[in-house]
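Biologist: Please choose one part of this model and look at it closely. Then work outwards until I can see how that part sits in the whole.

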Amino acid sequence: MTTSGRTTFAILVVGVCSYTLLQSMTVPALPRIQAELGTDQVTVSWVLSAFLISASVATPIAGRLGDSHGRKRMLVASLALLALGALVAALAPNIWVLVVARVIQGFAGGVLPLAFGIIRDELAPARLASAIALLSSLMSVGFGAGIVVTGPILDLLGYRFLFLLPTLAAAAAAVGAALLIPESARRVRQPLRLVPVVALAGWLIALLVCISRAPSWGWTSTATVGGLLTALGVFLLWVRIESVIDAPLVDLRLMATRGVAAPNVVALLIGMAMYGSFGFLPQFTQTPSESGYGFGASVAEAGHLMLPMAAFSFLGGVVSASLSSRVGSRSVIIAGCWLTGAGLLAAALAHQHEWQILASGGVTGLGSGLCFAALANAVVDAVPTERTGVATGMNANLRTIGGSVGSAGVATIVTAQLLPSGYPTEHGYTVGFVALAVTAFLAGLAAITIPGRALERNLTPIQRKDRLCSAPLPGS
């Protein structure tokens with residue numbers, strides 16, 4: 001990799017990590033934020049929901065704008081918004097200013113698809129797969145690492161530093177990108193129409209609000225059912241608009257091809273399994289042992305129990321490209337999904353001792369790291385260079401939507417029965433994690449439909465030989 005390529009990759013790593021950490025570090029910190037800002041549990045939950053909804057709307061739009069108007073330009077804007085939102089959150093005097101700050105942070109959701117597009121522009125084919133794999137794995141690694149580091153930061157510095165530290169990283173990445181990353185030459189010269197943007201935002205907001213509120217509203221309540229029907233109606237309207245408009249936001253014909261549609265289904269399902277577990281494993285470990293399960297762990301101790309999941313997820317991302325070059329991305333994705341399912345099933349059936357949580361977390365992390373990294377390459381391989389941003393943006397979006405569905409579903413299962421102390425029963429956690437394991441196994445079945453070894457068919461014989469003989473890490 002050239003010096004310019006190493007610099008570009010390093011900047012992208014910092015940007016992606018700062019975004020992912022801001023996504024995850026607030027999860028364990030919500031009780032502290034609720035207490036210090038004097039609010040209630042329902043209101044403080046908007047600190048998560050606002051970010052999620054904003055990111056889901058912004059991600060495909062940013063990818064599309066990057067494809068049309070320059071990926072570097074959109075990356076700098078996204079990172080600047082991330083830094084601004086994080087700074088406002090660190091200084092927020094009340095809960096509603098914090099919620100607005102989280103909306104601003106979510107607007108940076110296009111960082112990952114923009115990064116994929118820039119990597120595809122800048123790196124040689126022999127280095128492309130390993131760079132994309134490692135960068136993609138940072139999404140799951142960063143989410144787990146955010147939960148791990150939250151406890152020490154809360155104890156030593158307070159919750160405001162959970163936002164202040166990523167502010168510095170995002171600002172540095174924005175400056176570095178503006179000064180050192182070259183602008184992309186390949187663009188789709190099409191205007192961005194407002195109507196499909198509004199329609200996309202409409203069905204995403206309706207869907208995610210209903211999913212996130214369903215555990216408290218009730219899945220059969222008028223509000224939930226009405227909201228989901230509204231989301232479906234607006235979604236169908238959006239599909240119709242995209243089918244007839246002269247400059248669609250998302251090329252639905254491209255999304256319907258097997259090379260894109262199959263990875264998107266896998267992303268939705270594996271997102272349900274992985275992010276659903278991230279949300280509830282710390283709660284399980286923090287439950288007092290007097291409840292008949294759990295370890296009474298502090299926030300920091302619960303993070304330590306998540307460490308193998310984050311570490312092995314990174315390992316999965318590192319080896320994913322090399323494995324994919326030998327057996328194909330499809331095989332790696334299938335193996336990753338089934339390893340994830342095996343780890344979640346182990347957590348459901350054996351969780352009496354801390355070593356069991358550590359071991360099952362390592363298996364789950366390894367599987368998710370392999371899967372996420374290979375998924376990104378499968379999508380990038382299947383689309384033209386000038387469509388990389390919007391295609392990878394929709395794939396990341398479906399992973400996010402899946403995470404919302406998984407978290408809400410497990411919340412409903414876990415809280416269905418409560419002990420006199422108010423904690424969920426052990427049976428609820430067991431059923432919840434079994435459900436997530438089944439979802440991961442289903443993702444593996446869906447991965448079977450991904451076209452095999454698509455990238456190798458598009459390479460020259462020399463490039464194919466180079467990939468088979470060596471899949472070095474970025475920077476090597």
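Modeller: I153 lies in helix α8, which covers residues 125-156. This is a predicted model, and the description starts from that one side chain. I153 is buried because its relative accessibility is 14%, and the cut-off for buried is under 20%. Setting aside neighbours within four places in sequence, I153 has contacts with M25, G158, F161, L162 and L165. One pair shows how sequence distance and spatial distance can be set side by side: I153 and A302 are 149 residues apart along the chain, and their C-alpha atoms are separated by 14 Å.

Two of the contacts of I153, F161 and L165, lead to the surface. Together with L156, L157 and L168, the residues F161 and L165 make a nonpolar surface patch of about 510 Å². Helix α9, residues 161-180, gives the largest share of this patch, 3 residues. L168 is in helix α9, and L168 counts as exposed because its relative accessible area is 56%, where exposed means over 50%.

Now take the residue before L168. T167 is also placed in helix α9, but T167 is buried because its relative accessible area is 8%. Beyond residues up to four places away in sequence, T167 touches A83, A86 and L87. Helix α9 therefore holds both a buried residue, T167, and an exposed one, L168. A general point about helices helps here. An α-helix has 3.6 residues a turn, so residues three or four places apart point the same way.

The contacts of T167 include A83 and A86, and both numbers fall within helix α5, which covers residues 71-91. That helix also contains R71, which takes part in salt bridges. R71 pairs with D67, and their closest N and O atoms are 3.0 Å apart. Both R71 and D67 are buried. R71 also meets D121 in a salt bridge, at 2.8 Å from N to O. This second pair links distant parts of the chain, since R71 is in helix α5 and D121 is in helix α7 (residues 111-122), 50 residues apart. R71 counts as buried because its relative accessibility is 1%, whereas D121 counts as partly exposed because its value is 25%. D67, R71 and D121 are thus joined in a network of salt bridges.

The whole structure has 5 salt bridges. Another of them is between R253 and D251, with 3.9 Å from N to O. R253 counts as exposed because its relative accessibility is 72%, while R71 at 1% counts as buried.

Further along the chain are two helices that can be described in the same terms. Helix α17, residues 354-382, has 29 residues and reaches 42 Å from its first C-alpha to its last, close to the 42 Å expected at 1.5 Å a residue. In α17, 22 of the 29 residues are buried, so this helix is largely enclosed by the rest of the structure. Helix α18, residues 388-414, has 27 residues and spans 39 Å between its first and last C-alpha, close to the expected 39 Å. Of the 27 residues in α18, 20 are buried, so α18 too is largely enclosed by the rest of the structure.

S331 gives another example of residues that are far apart in sequence. S331 is in helix α16, residues 329-349, and is partly exposed because its relative accessible area is 35%. S331 and T449 are 118 residues apart in sequence and 11 Å apart in space, C-alpha to C-alpha.

Finally, the whole. The protein has 21 helices and 0 strands. Among contacts between residues at least 6 apart in sequence, 82% join residues at least 24 apart. Of the 476 residues, 58% count as buried. The protein exposes about 17,800 Å², and carbon and sulfur atoms supply 69% of that area. The C-alpha trace spans about 65 × 45 × 45 Å along its principal axes. A compact globule of 476 residues would have a radius of gyration near 23 Å, and the 21 Å of this protein agrees with that.

Notes
Residues are numbered from 1 along each chain as its sequence is written. This is a predicted model: local features need pLDDT of at least 70, side-chain atom pairs count only at pLDDT 80 or more; totals for chains, interfaces and linings use all residues. Side-chain values use heavy atoms; hydrogens and water are left out. Patches are made of residues with over 30% relative accessible area and no salt bridge: like charges are joined within 9 Å, nonpolar side chains (Val, Leu, Ile, Met, Phe, Trp, Tyr) within 5 Å. Accessible areas come from the Shrake-Rupley method with a 1.4 Å probe; for residues, only the protein chains shown count as cover. A salt bridge is a side-chain nitrogen of Lys or Arg within 4 Å of a carboxyl oxygen of Asp or Glu. Helices (H or I, at least four residues) and strands (E, at least two) are DSSP runs, numbered from the N terminus. Buried means under 20% relative accessible area, exposed over 50%, partly exposed in between (1.4 Å probe, protein chains only). The radius of gyration is taken over C-alpha atoms; the globule rule is 2.2 Å times the number of residues to the power 0.38. Contact means heavy atoms within 4.5 Å. The expected span of a helix is 1.5 Å times one less than its number of residues.
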